[in-house]
Amino acid sequence: MDEKDELRMRVRGLIRSMPGAQREFAAAIGLDQTKLSKALNGTRRFSPHELVRIAEYSGVTVNWLLHGSDDARTVTAIPAPAARSHPAGSDDPEPRRRILETAWQLIAERGYHRVRIADIAAACGTSTATIHYHFPTKDDVLNEALRRNVKLAFDRQVAELHAVDDALHRLVTLIELQLPTDGVLRAEWSVWLQVWNESALNPGLRSLYWDSYDRWFRTISMTIRSGQEQGVFREQDPDEATAQLTALIDGLGIQVLTGRPGSSVDTMRVLLRDYIDRNIVKGVSP
């Protein structure tokens with residue numbers, strides 16, 4: 001059995017384990033039922049976006065879908081245990097997932113301090129007692145929102161990059177996957193901004209924040225190291241190069257989200273690619 005057969009087998013197993021029939025599963029992940037059937041019988045491939053949605057809805061990782069293990073070696077760093085989302089198989093996974101998705105979206109749209117537990121309950125059509133059952137405190141909601149950010153980024157990167165061997169292509173794609181474009185990525189950035197603010201003021205949040213940020217840092221560093229081994233990136237300390245590049249990404253992302261005049265996602269993309277060409281790619285003078 002090859003990897004594609006194993007992927008289809010795992011998705012079939014998830015469908016059987018979830019409530020409802022295959023058509024409900026397809027609707028939940030936003031996929032036409034006919035396309036899902038074709039992917040399951042091998043006449044079409046699951047797209048990276050579909051893999052991310054399957055993993056999100058089912059409470060697994062894309063790494064598990066592709067390789068059968070959350071910790072399988074891949075081209076992107078694996079999150080530390082503390083930074084991972086709530087494990088699958090826990091009590092009442094579906095209500096918890098729905099609550100977390102709703103809370104995450106509200107925090108991204110309104111800001112952490114403008115979202116009350118009552119707001120989350122109202123948006124979910126449930127009671128505040130139910131929210132507190134899954135998230136005892138409001139800080140727990142923010143912590144889990146951060147973990148969701150980490151999982152979304154990890155799943156997206158594994159889905160897009162697991163078959164990309166060229167390190168330059170991988171690094172450029174990683175940057176593209178991190179740009180604060182409208183939709184999910186901008187919401188992720190909004191949550192990150194609020195986590196930065198809260199962790200600056202509350203030392204109790206910093207450990208989880210650094211566990212989360214470390215995964216992104218290690219992903220960039222291992223990609224730069226891979227490019228050096230391939231002979232396409234210049235020789236330098238990968239961690240130092242990563243510190244400079246990630247600082248530039250963070251700073252430009254903040255400018256875009258805060259509406260600095262002249263800043264945009266397109267400008268951010270151009271500046272980052274120029275930095276990579278000048279400072280990381282071999283044979284290009286800074």
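Helices here are DSSP runs of H or I, at least four residues long, numbered from the N terminus. With that in hand, let us walk through this predicted model, beginning at one of those helices.

Helix α4 spans residues 48-58 and is mostly covered, with eight of its eleven residues buried. Those buried residues are E50, L51, V52, I54, A55, E56, Y57 and S58. Just after α4 comes G59, which takes a positive phi of about 75°. Keep two of the helix's residues in mind, I54 and E56, which are both on the buried list and will turn up again below.

The stretch around this helix also carries a database label. In an unreviewed UniProt entry, residues 22-65 are annotated as "domain: HTH cro/C1-type". In the model, that span is 70% helix and 0% strand, and its end C-alpha atoms are 17 Å apart. A further label from UniProt, again from an unreviewed entry, is "DNA-binding region", placed at residues 116-135. Here the chain is 75% helix and 0% strand, and the end C-alpha atoms lie 12 Å apart.

Now let us turn to the interior. The largest nonpolar core holds 57 residues, and the members that touch the most others are I120, L245, I249, M268, L272 and I280. Which elements give two or more residues to this core? They are α6 (93-110), α7 (117-124), α9 (138-161), α10 (167-178), α11 (184-201), α12 (206-230), α13 (238-257) and α14 (265-279). Apart from this core lies another, of 26 residues, which includes L7, I54, I78 and F154. So that you can place I54, recall that I54 is one of the buried residues of α4, a helix as defined by its DSSP run.

For a close look at the 57-residue core, I249 is a good place to zoom in. Leaving aside residues up to four places away in sequence, I249 touches I175, Q178, W189, W216, M268 and L272. Two of these partners, M268 and L272, are themselves among the members with the most contacts to other members.

W189 leads us on to the aromatic side chains. A pair of aromatic rings is described by the distance of the centres and the angle of the planes. The model has eight aromatic pairs. One of them joins W192 and W196 in a tilted arrangement, 6.3 Å centre to centre with 40° between the planes. These two tryptophans are four residues apart in helix α11, so about one helical turn separates them. Both W192 and W196 are buried. Ring pairs also build a wider cluster, linking W189, W192, W196, Y209, W210 and Y213.

Some rings have a charged neighbour instead. The charged end of K138 sits over the ring of Y112, 4.7 Å from the ring centre. Likewise, R148 places its charged end over the ring of W104, at 4.3 Å from the centre.

That brings us to the charges themselves. Side chains of opposite charge can pair when their charged atoms come close. How many salt bridges does the structure hold? There are 18. One of them links E101 with R97, with 2.8 Å between the closest N and O atoms. Because E101 and R97 are four residues apart in helix α6, about one helical turn lies between them. E101 is partly exposed, at 21% relative accessible area, while R97 is buried, at 17%; the cut-off for buried is under 20%.

A second bridge joins R218 and D214, at 2.7 Å from N to O. These two are four residues apart in α12, so they too are separated by about one helical turn. R218 is partly exposed at 31% relative accessible area, and D214 is partly exposed at 33%.

In α14, D266 and R269 form another salt bridge, with their closest N and O atoms 2.8 Å apart. Here the spacing is three residues, which again means a separation of about one helical turn. D266 counts as exposed, at 52% relative accessibility, and R269 is partly exposed, at 28%.

Finally, salt bridges that share partners join E56, R97, E101 and R148 into one network. This brings several threads together: E56 is a buried residue of α4, R97 and E101 pair within α6, and R148 has its charged end over the ring of W104.

Notes
Residues are numbered from 1 along each chain as its sequence is written. This is a predicted model: local features need pLDDT of at least 70, side-chain atom pairs count only at pLDDT 80 or more; totals for chains, interfaces and linings use all residues. Side-chain values use heavy atoms; hydrogens and water are left out. A nonpolar core is a set of buried Ala, Val, Leu, Ile, Met, Phe, Trp, Tyr and Cys residues joined through side-chain atoms within 4.5 Å. Buried means under 20% relative accessible area, exposed over 50%, partly exposed in between (1.4 Å probe, protein chains only). Contact means heavy atoms within 4.5 Å. UniProt positions are given in the numbering used here, feature names are shortened, and annotations may be inferred rather than shown by experiment. Rings of Phe, Tyr and Trp (its six-membered ring) pair if their centres lie within 6.5 Å; planes under 30 degrees apart count as stacked, over 60 as edge-to-face and the rest as tilted. A charge sits over a ring if NZ of Lys or CZ of Arg is within 6 Å of the ring centre and within 35 degrees of the ring normal. A salt bridge is a side-chain nitrogen of Lys or Arg within 4 Å of a carboxyl oxygen of Asp or Glu.
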